[in-house]
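Work through the exercises below with the sequence and the structure at hand. Each task is followed by a solution in steps.

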Protein chains: 2
Amino acid sequence: MKKLDCDLCEQFCEHPQIVCLAKAELVSDDMAYKTAEFFKILADPTRIKILQTLSTRELCVCDIAAVLDMGQSAISHQLRILRGARLVKYRKEGKMAWYSLDDAHVTNLLMQGLNHVGHI
Amino acid sequence: MKKLDCDLCEQFCEHPQIVCLAKAELVSDDMAYKTAEFFKILADPTRIKILQTLSTRELCVCDIAAVLDMGQSAISHQLRILRGARLVKYRKEGKMAWYSLDDAHVTNLLMQGLNHVGHI
DNA sequence: AGAACATATGAATATATGTTCATATGATGG
DNA sequence: CCATCATATGAACATATATTCATATGTTCT
């Protein structure tokens, strides 16, 4: 249980006790920020398509570009973001880079999102 | 099962069969867009805090502003977005508006995100 | 009716983000 | 060694978005 810190409660416009309780239970700035950053990764149509495509099979960059009908550079930039978030990994084979998923938990979240939208 | 549409496969840089299969299974533009819009709602620290705070109790606008230590206008704008996405609902009581959660499924997703980040 | 208050909203501003273009890097094959 | 190919990346640009400020709306109380 968190210790309550109510010293300043009197200054709020209304319902000081409720505000104090809620403040004590509020997620930290850092957690809120990191969680938002996490959802941001999933908050782009191109990245959603990349992740969904990779959920079935490993693909190289130019194949992903072909599948999504987009430029190689745009895909490469997005893959960089997905790599940074450790959602995809890749192996090099000569000049080609084969990408695949690297986080089953997040993929599961993505599928929940797709399902949710599908059922609207 | 989807019908494959492989007429244009030969034009791709590499691995036409794989690209064709992946294209056939690719989520639609519309679904990808809507899913991204959905995750965008959760991709902001302020909205995460609002939803997490409301997960415990109903609050009025000025209380939320006090809890998050932010301006009333900023909170009101964010609540509008959350209302538009049907993640929160409100009841009017005189001049006050009491907000609460309106989508347990999405709240569950939010909690999964918070947990995921917490376990990193 | 008028003052005070809670909330909503439009406009403006600052910041973040996705794509494109040009180019760099690094591997393969002649 | 040079040309070609797959990929990566920096800069520029356009667009989206969060907050603030000012103000509007609608309610309560005197």
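**Exercise 1. Two residues with positive phi**

Task: Decide whether Arg86(B) is buried or exposed, and state in which loop Arg86(B) is found.

Solution. The model is a predicted one. Step 1: count the C-beta neighbours of Arg86(B) inside 10 Å, which gives 12. Step 2: a residue is exposed if that count is 12 or fewer, so Arg86(B) counts as exposed. Step 3: place Arg86(B) in its chain; the loop between α5 and β2 (88-93) of chain B holds it. Step 4: look at the backbone. Most residues other than glycine have a negative phi. Phi of Arg86(B), however, is near 60 degrees, a positive value.

Task: Carry out the steps for Asp69(B), and say what its phi is near.

Solution. Step 1: Asp69(B) belongs to the loop between α4 and α5 of chain B. Step 2: Asp69(B) has 12 other C-beta atoms within 10 Å and is therefore exposed. Step 3: phi of Asp69(B) is positive, near 60 degrees, although the residue is not glycine.

**Exercise 2. Two alanines of chain A**

Task: Decide whether Ala22(A) is buried or exposed, and list which residues Ala22(A) is in contact with, leaving aside neighbours within four places in sequence.

Solution. Step 1: Ala22(A) is part of helix α1 of chain A. Step 2: there are 22 C-beta neighbours inside 10 Å, and burial needs 20 or more, so Ala22(A) counts as buried. Step 3: with those sequence neighbours left aside, the contacts of Ala22(A) are Thr53(B), Thr56(B), Arg57(B), Leu59(B) and Val67(B).

Task: Place Ala32(A) in its helix, and find what Ala32(A) touches, not counting residues up to four places away in sequence.

Solution. Step 1: Ala32(A) sits in helix α2 of chain A. Step 2: Ala32(A) has 22 other C-beta atoms within 10 Å and is buried. Step 3: outside the excluded stretch of sequence, Ala32(A) touches Val27(A), as well as Pro45(B), Ile48(B) and Lys49(B). Step 4: turn to α3 (residues 45-54) of chain B, where eight of 10 residues are buried. Among the buried residues of α3(B) are Ile48(B), Lys49(B) and Thr53(B). Step 5: for a distance within chain A, take Ala32(A) and Asp69(A), which are 37 residues apart in sequence and 35 Å apart in space, C-alpha to C-alpha.

**Exercise 3. The contact between the chains**

Task: State how many residues each chain gives to the contact, and which element supplies the largest share of the side of chain A that touches chain B.

Solution. Step 1: chain A gives 44 residues and chain B gives 44 residues. Step 2: the elements of chain A that each supply at least two residues are α1 (16-25), α2 (29-41), α3 (45-54), β1 (59-60), α4 (61-68) and α6 (104-118). Step 3: the largest share of that side, nine residues, is from α2(A). Step 4: sorted by class, this side of chain A holds 25 nonpolar, 10 polar and nine charged residues.

Task: Find which relation lays chain A on chain B.

Solution. Step 1: a turn of 180 degrees with a shift of 0.0 Å along the axis lays chain A on chain B with an RMSD of 0.0 Å. Step 2: this turn and shift are therefore the relation of a two-fold axis. Step 3: 100% of the contact residues of chain A recur in chain B, so the same surface serves both copies.

**Exercise 4. A helix pair in chain A**

Task: Classify the crossing of α3(A) and α5(A) by its angle.

Solution. Step 1: the axes of α3(A) and α5 (residues 72-84) of chain A come within 10 Å and cross at roughly 75 degrees. Step 2: angles of 65 to 115 degrees count as roughly perpendicular, so α3(A) is roughly perpendicular to α5(A). Step 3: Thr46(A), Arg47(A) and Ile50(A) of α3(A) make the contact with Gln78(A), Ile81(A) and Leu82(A) of α5(A). Step 4: by class, this contact has three nonpolar, two polar and one charged residues.

**Exercise 5. The surface near DNA strand C**

Task: Name which of the 25 residues around DNA strand C come nearest.

Solution. Step 1: the nearest are Ser73(A), Cys60(B), Val61(B), Cys62(B) and Ser73(B). Step 2: α5(B) gives the most to this surface, six residues. Step 3: by class, the surface near DNA strand C has nine nonpolar, 10 polar and six charged residues.

Terms used:
Residues are numbered from 1 along each chain as its sequence is written. Chains are lettered from A and ligands numbered from 1 in the order in which they are written. This is a predicted model: local features need pLDDT of at least 70, side-chain atom pairs count only at pLDDT 80 or more; totals for chains, interfaces and linings use all residues. Two residues are in contact if their C-beta atoms, placed from the backbone, lie within 7 Å. Helices (H or I, at least four residues) and strands (E, at least two) are DSSP runs, numbered from the N terminus. Ala, Val, Leu, Ile, Met, Phe, Trp, Tyr, Cys and Pro count as nonpolar, Asp, Glu, Lys and Arg as charged, and the others, Gly among them, as polar. Axes are lines fitted to C-alpha atoms, for helices over the stretch in contact, and angles run from 0 to 180 degrees between N-to-C directions. Angles under 35 degrees count as roughly parallel, over 145 as roughly antiparallel, 65 to 115 as roughly perpendicular and the rest as oblique. A residue is near a molecule or strand if its C-beta atom, placed from the backbone, lies within 6 Å of it. Copies are superposed by least squares on the C-alpha atoms of residues with pLDDT of at least 70 in both.
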